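Q: Please take a close look at one part of this chain. I would like to know what surrounds it and how it sits within the whole.

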Amino acid sequence: MEATLKIYSVIGTDENEFSSDNLISFLDSNQSATDLTIRIKSPGGSVREGWTIHDLLKNSGKKIKTIAEGELFSIATVIFLAGEEREMFPNADGLIHMPRIPNPEGDFQAADLRDMAAYMD
């Protein structure tokens, strides 16, 4: 038996975002499914929430197929990688970027943090 989940939003815990709680509800409602198809169109969002979704999928005990539809950006790419089988639509677009840490004066990049660590040493 197969079940399909559509993740067509920002990844996060706010209203109208896709969260790990949404995934848990889906998994609970589809316990008898052996195969899951996860259709993803997302600009990304919360890194912490995205990794939780990835781990829940990988540890669900089900065969996972992920399909990228349209935008597959940022942390949504990590969820996409949870699939044992992966497919991207011909016009889908993936984006992976440097990690960032929000800062009121401008986001920190990895190189900024290395420079700060060297200065602190």
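The request below picks out one side chain, and the answer sets it in the chain and beside a second site.

Q: Which residues does E49 touch, and which backbone atom lies 2.5 Å from a polar atom of its side chain?

A: The model is a predicted one, and the chain as a whole comes before the site. Four helices and five strands make up its secondary structure, and their order along the sequence is β-α-β-α-β-α-β-β-α. The C-alpha trace spans about 55 × 30 × 25 Å along its principal axes. Of the 121 residues in the chain, 36% are buried. Among contacts between residues at least 6 apart in sequence, 60% join residues at least 24 apart.

E49 belongs to helix 2, which covers residues 47-58. Its side chain is one of 20 negative side chains in the chain, against 11 positive ones, and the centres of these two sets lie 7 Å apart. E49 is buried and has no salt bridge. The nearest side chain of opposite charge belongs to R48, 7.6 Å away; a salt bridge would need a side-chain nitrogen of Lys or Arg within 4 Å of a carboxyl oxygen. What the side chain of E49 does have is a polar atom 2.5 Å from the backbone nitrogen of S20. Leaving aside residues up to four places away in sequence, E49 touches I11, G12, T13, F18, S19, S20 and D21. S20 therefore appears both in that contact list and as the residue whose backbone nitrogen lies 2.5 Å from the E49 side chain, inside the 3.5 Å limit for a polar contact.

For a second site with a side chain beside a backbone atom, take T66. T66 is in strand 3, residues 63-73. With a relative accessible area of 0%, T66 counts as buried because the cut-off is under 20%. A polar atom of the T66 side chain lies 2.7 Å from the backbone oxygen of F80. T66 and F80 are 14 residues apart in sequence, and their C-alpha atoms are 5.6 Å apart in space. Apart from residues up to four places away in sequence, T66 touches I38, I40, I79, F80, G83, E85, R86 and E87.

Put side by side, E49 has a side-chain polar atom 2.5 Å from a backbone nitrogen, while T66 has one 2.7 Å from a backbone oxygen. As for the outside of the chain, about 7,600 Å² is exposed, and carbon and sulfur atoms supply 51% of that area.

Conventions
Residues are numbered from 1 along each chain as its sequence is written. This is a predicted model: local features need pLDDT of at least 70, side-chain atom pairs count only at pLDDT 80 or more; totals for chains, interfaces and linings use all residues. Side-chain values use heavy atoms; hydrogens and water are left out. Helices (H or I, at least four residues) and strands (E, at least two) are DSSP runs, numbered from the N terminus. Buried means under 20% relative accessible area, exposed over 50%, partly exposed in between (1.4 Å probe, protein chains only). Contact means heavy atoms within 4.5 Å. Accessible areas come from the Shrake-Rupley method with a 1.4 Å probe; for residues, only the protein chains shown count as cover. Lys and Arg count as positive and Asp and Glu as negative; His and the chain ends are not counted. The place of a charge is taken as NZ of Lys, CZ of Arg, CG of Asp or CD of Glu. A polar contact is a pair of N or O atoms within 3.5 Å; within protein, one must be able to donate a hydrogen and the other to accept it, and residues adjacent in sequence count only if both atoms are side-chain atoms.
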